[in-house]
Amino acid sequence: MKGLGGVLLILAPGLTIKFFGLPNSDGNFWPRLLGAVLFGLAMASMLQGTLRAQGGLGLTGSITVNLVAVAVLGSILILGPATPTKRGRFTLWCLMILLALLSLAELAFAS
């Protein structure tokens with residue numbers, strides 16, 4: 001999920017933002033930067049899982065990143081209008097739920 005979202009934001013930030021009904025940004029810098037971070041997290045998780053590397057992001061780090069994202073998205077959605085469209089709010093709620101479920105799945109493998 002992180003890798004796909006990252007690639008979409010890196011390659012076509014404007015189209016990705018419009019497709020999911022999210023608020024427009026003034027430029028493509030911040031969406032692409034977010035895409036790079038997401039893609040980097042996905043690659044770090046993949047490499048750690050395949051190389052069995054010691055240190056690095058780790059599953060606990062990945063769970064933490066997901067839960068922080070869930071908390072931020074939740075607070076944005078609850079405290080005010082996050083996006084001007086219903087489709088955008090729906091997209092953010094779905095993303096928040098998917099990240100929470102992913103965190104639970106990762107937590108099951110962490111112990």
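Helices and strands are taken here as DSSP runs, with at least four residues for a helix and at least two for a strand, numbered from the N terminus. On that basis, the predicted model has five helices and zero strands. Reading along the sequence, the pattern is simply α-α-α-α-α. The C-alpha atoms fit in a box of roughly 45 × 30 × 15 Å along the principal axes. Of the 111 residues in the chain, 27% count as buried. As for how the chain meets itself, 60% of the contacts between residues at least 6 apart in sequence join residues at least 24 apart.

Helix 4 and helix 5 are a good place to start. Helix 4 runs over residues 58-79 and has 22 residues. From first C-alpha to last it reaches 32 Å, close to the 32 Å expected at 1.5 Å a residue. Helix 5 covers residues 86-110, and it tells a similar story: its 25 residues should span 36 Å, and its end C-alpha atoms are indeed 36 Å apart, so the two values agree.

Both helices have a buried set. In helix 4 it consists of G58, G61, S62, I63, N66, V70, L73, G74 and L77. In helix 5 it is made up of G88, T91, L92, M96, L99, S103 and E106. Many turns of a helix can be read with a simple rule in mind: an α-helix has 3.6 residues a turn, so residues three or four places apart point the same way. As for what lies over the buried residues of helix 5, the cover includes helix 1 and helix 4.

The largest nonpolar core draws on these two helices. Six residues make it up, namely V70, L73, L77, L92, M96 and L99, and the elements that give two or more residues to this core are helix 4 and helix 5. M96, a member of this core, sits in helix 5. With a relative accessible area of 13%, M96 falls under the 20% cut-off and therefore counts as buried. Leaving aside neighbours within four places in sequence, M96 touches V70, L73, G74 and L77. M96 can also be placed against A69, which is 27 residues away along the chain: the C-alpha atoms of the pair are separated by 7.5 Å.

Further along helix 5 comes S103. Its relative accessible area is 4%, so S103 is buried too. Beyond its neighbours within four places in sequence, S103 is in contact with I63, N66 and L67. Of these partners, I63 and N66 are among the buried residues of helix 4.

L59 gives another view of helix 4. At 32% relative accessible area, L59 is partly exposed, because that value lies between the 20% and 50% limits. Setting aside neighbours within four places in sequence, the contacts of L59 are Q48, E106, F109 and A110. One of these partners, E106, is on the buried list of helix 5. Looking along the chain instead, L59 and L77 are 18 residues apart, and 27 Å separates their C-alpha atoms.

Now for the open space in the model. The largest pocket holds about 1,200 Å³. It is lined by 34 residues, of which L9, L22, L34, L38 and L95 are the closest to its centre. Two or more lining residues come from each of helix 1 (2-11), helix 2 (13-19), helix 3, helix 4 and helix 5. By class, the lining has 27 nonpolar, six polar and one charged residues.

Helix 3, which spans residues 29-51, also has some residues that are open to the outside. F29 belongs to this helix and has a relative accessibility of 54%, which is over 50%, so F29 counts as exposed. The C-alpha atoms of F29 and A71 are 24 Å apart, with the two positions 42 residues apart along the chain.A36 is likewise in helix 3, and a relative accessible area of 40% makes A36 partly exposed. A36 and A108 are 72 residues apart in sequence, and 27 Å apart in space from C-alpha to C-alpha.

Definitions and conventions: Residues numbered from 1 in each chain as written. Predicted model: local features only at pLDDT ≥ 70, side-chain atom pairs only at ≥ 80, totals over all residues. Heavy atoms only, no water. Buried < 20%, exposed > 50% of the residue type's maximum accessible area, 1.4 Å probe, protein only. 1 Å grid on protein atoms, 1.4 Å probe; cavity = no way out; pocket = protein on both sides within 12 Å on 5 of 7 lines; lining within 4 Å. Points joined across faces, edges and corners; volume = space filled by probe spheres on them. Nonpolar A, V, L, I, M, F, W, Y, C, P; charged D, E, K, R; others polar. Expected span 1.5 Å × (residues − 1). Contact = heavy atoms within 4.5 Å. Core = buried A, V, L, I, M, F, W, Y, C linked by side-chain atoms within 4.5 Å.
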